[in-house]
Amino acid sequence: MTLDRFAPAIFVLLWSTGWVVAKYAALHSEPFTFLGIRFGLSALAFFGLCRVLKARWPDRATVMRAIYSGFFLHGFYLAGLWWAIANGVPAGISGIIAALQPLLTAMAAPFLIGERLQPTQKFGLLLGFFGIAIAVSPKLFDPASASLVHAAVPLAINLAAMASVTYGTIYQKKHLQTGDLKTIATLQYVGALVVTVPLALTFERLHFDGTPEAIGALIWSVFGLSMGGIGLLLYLIRRGQVSRAASLIYLMPPTVAIEAFIAFGEPLTVPLVIGTIVVVTGVYLSNRKSARMAEA
């Protein structure tokens with residue numbers, strides 16, 4: 001299928017813009033508040049799409065599974081990630097933590113869903129992680145990293161967020177292999193709201209300044225990320241191996257670096273270029289076996 005061929009590249013391009021959007025959004029809104037608005041609008045947008053296309057809604061058991069998966073795939077993951085960065089975890093360190101997700105997914109998948117990886121795929125996943133480490137290595141020596149010793153709680157939250165999206169991805173693969181993806185996505189954002197709204201009401205002042213920059217970031221977050229990016233991620237999880245979909249996360253930091261160079265003039269360093277080559281090689285190796293099996 002044509003979508004199968006181009007979906008991974010489109011997903012990487014869409015999802016990577018989330019880091020750029022977050023940079024703008026942080027100047028105009030508190031994290032839980034912004035995410036609450038984003039998830040609410042995303043749920044409404046998907047619901048409208050379901051009505052227009054007359055999508056079939058799942059049974060009660062599947063409804064509950066979809067809402068439950070949304071707790072982890074969207075709610076706890078993004079809430080934890082945004083809060084950790086807002087409270088002192090450098091973006092480079094957070095990127096390394098995010099890069100651990102495919103490894104954790106690959107290690108957990110055989111036990112939870114019986115998905116076995118070939119040796120080449122395992123090597124590709126490890127290679128991708130080392131590529132990420134090379135790409136962000138200059139940030140490890142940044143003076144801001146010295147404050148990490150005082151950021152144990154934010155680091156722990158960041159790690160918990162990574163574990164959350166890993167669990168959500170595997171749960172999606174195991175329990176939501178049937179049903180209309182549009183209705184499932186709608187229900188997952190309802191689950192995400194159950195997480196973020198209480199957090200915003202409890203810990204924030206519900207600040208959102210409503211400037212054109214804030215509105216633009218919100219519009220792209222809803223339609224580009226929540227509908228486009230997540231829709232493609234759910235499609236990839238259903239069509240291929242869960243570890244194969246997770247391995248695409250390796251391409252995010254290098255892609256974000258290129259976007260930051262274009263948007264903000266941030267330099268492309270030698271370690272970043274070398275790391276990108278290593279990452280692409282790792283992703284190719286981790287995907288190659290699955291692609292051959294799909295073509296057979």
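Begin at the end of helix α2, where the helix is followed by Lys54, a residue whose phi is positive, near 55 degrees. Helices here are DSSP runs of H or I with at least four residues, strands are runs of E with at least two, and both are numbered from the N terminus. This is a predicted model, in which local features need pLDDT of at least 70 and side-chain atom pairs count only at pLDDT 80 or more, while totals for chains, interfaces and linings use all residues. Residues are numbered from 1 along each chain as its sequence is written, and side-chain values use heavy atoms, with hydrogens and water left out.

Now select residues 31–53, which make up helix α2. Its 23 residues reach 32 Å from first C-alpha to last, close to the 33 Å expected at 1.5 Å a residue, where the expected span is 1.5 Å times one less than the number of residues.

Within this helix, show Phe46 together with Tyr189. The structure holds 12 aromatic pairs, a pair being two rings of Phe, Tyr or Trp (its six-membered ring) with centres within 6.5 Å, called stacked if the planes are under 30 degrees apart, edge-to-face if over 60, and tilted for the rest. Phe46 and Tyr189 form a stacked pair, at 6.0 Å centre to centre and with 20 degrees between the planes. The pair links distant parts of the chain, since Phe46 belongs to α2 and Tyr189 to helix α8 (residues 181–203), 143 residues apart. Phe46 is buried at a relative accessible area of 5%, and Tyr189 is buried at 1%; buried means under 20%, exposed over 50%, and partly exposed in between, with a 1.4 Å probe and protein chains only.

Move next to Tyr167 and Tyr171, whose rings form a tilted pair with 6.0 Å between centres and 40 degrees between planes. Both lie in helix α7 (residues 152–175), four residues apart, about one turn of the helix. An α-helix has 3.6 residues a turn, so residues three or four places apart point the same way. Tyr167 is partly exposed at 31%, whereas Tyr171 counts as buried at 13%. Adding Tyr68, Phe71, Phe72 and Phe76 to the selection completes a cluster linked by ring pairs.

Select Ser221 in helix α9 (residues 212–239), a buried residue with a relative accessible area of 1%. Leaving aside residues up to four places away in sequence, Ser221 touches Val21, Phe34, Arg38 and Ser226, a contact being heavy atoms within 4.5 Å.

For the one salt bridge of the structure, show Lys182 and Asp180, whose side chains meet at 3.1 Å, N to O. The term requires a side-chain nitrogen of Lys or Arg within 4 Å of a carboxyl oxygen of Asp or Glu. Lys182 is partly exposed at 22% relative accessibility, and Asp180 is partly exposed at 22% as well.

Finally, turn to the surface and select Ile258, Phe261, Ile262, Leu268, Val273 and Ile277, which make a nonpolar patch of about 590 Å². The elements giving two or more residues to this patch are α11 (252–264) and α12 (270–295), and α11 gives the most, with three. Ile277 is found in α12 and counts as exposed at 56%. Patches join residues with over 30% relative accessible area and no salt bridge, with like charges joined within 9 Å and nonpolar side chains (Val, Leu, Ile, Met, Phe, Trp, Tyr) within 5 Å; accessible areas come from the Shrake-Rupley method with a 1.4 Å probe, and for residues only the protein chains shown count as cover.
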